[in-house]
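Welcome! Take a moment to look over the sequence and the 3D view, and then let's walk through a few details together.

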Amino acid sequence: MQDVYNRARNIRVAIFDVDGVLTDGALYYADSGEELKAFSVHDGHGMRMLKDSGIALAIISSRSSPSLEARARNLGIEVLIQGAADKLAAFGELLGRCAVGAEDCAYLGDDLVDLPVMKRCGLAVAVPDAPAPVRRQAHYVTRARGGHGAAREVCEIVLHAQRSLSARGSTNT
């Protein structure tokens, strides 16, 4: 665990996948065909605390969704890349936009499509139900499942490592 904290000390950008990470991976469709997603307020609060401590927030998703746009806007996420068929290319774009190196980034993913980014970033994290190759690549595997506190867990690790964890309040999470 000490290696995880050492890596977390240098994080300047926290990047999250969406389906299976910020959500439980289930897809819900309204009768109208609109896709609905359920997000955890606990994850949102952790992300807000991270942002308030000076860590930039970003999302790279291979899918696109208006509900994700609304959630990202609500949380003040600086970089939202949707429809990323090549997540490594999206990661490269993000590095340029944020003016950081790969080692300055934490990435929380859950599937094989996330592996290229996980292999490059400074802190690679997977959820517990990720496939074995993804868990093996991770520096840390969360105890909480995607959509049920995994993002919050990562946020608290980074905040703790950077000595920024406090009882700060945040609203609209």
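**Cysteines and backbone angles**

The structure holds 0 disulfides. Keep in mind as we go that this is a predicted model. A disulfide, in general, is a covalent bond that joins the sulfur atoms of two cysteines.

Why is C98 not in such a bond with C105? The closest cysteine sulfur to that of C98 belongs to C105, and it lies 6.9 Å away, which is too far for a bond. To count as a disulfide, the two sulfur atoms have to be within 2.5 Å. Seen from the other side, C105 has the sulfur of C98 as its nearest cysteine sulfur, at 6.9 Å, and C105 is in no disulfide. While you have C105 in view, notice that this residue is buried, because its relative accessible area is 0%.

Now let's turn to the backbone. Most residues other than glycine have a negative phi. With that in mind, find A99, a residue other than glycine whose phi is positive, near 55°. Where does A99 sit? You will find A99 in the loop between α4 (87–98) and β6 (105–109). Is A99 buried or exposed? Its relative accessible area is 59%, so A99 is exposed.

A second example waits further along the chain, in the segment after α7 (150–161), where R163 has its place. R163 is not a glycine either, yet its phi is positive, at about 55°. With a relative accessible area of 71%, R163 is exposed.

Definitions and conventions. Residues numbered from 1 in each chain as written. Predicted model: local features only at pLDDT ≥ 70, side-chain atom pairs only at ≥ 80, totals over all residues. Heavy atoms only, no water. Buried < 20%, exposed > 50% of the residue type's maximum accessible area, 1.4 Å probe, protein only. Helix = DSSP H or I, 4+ residues; strand = E, 2+ residues; numbered from the N terminus.
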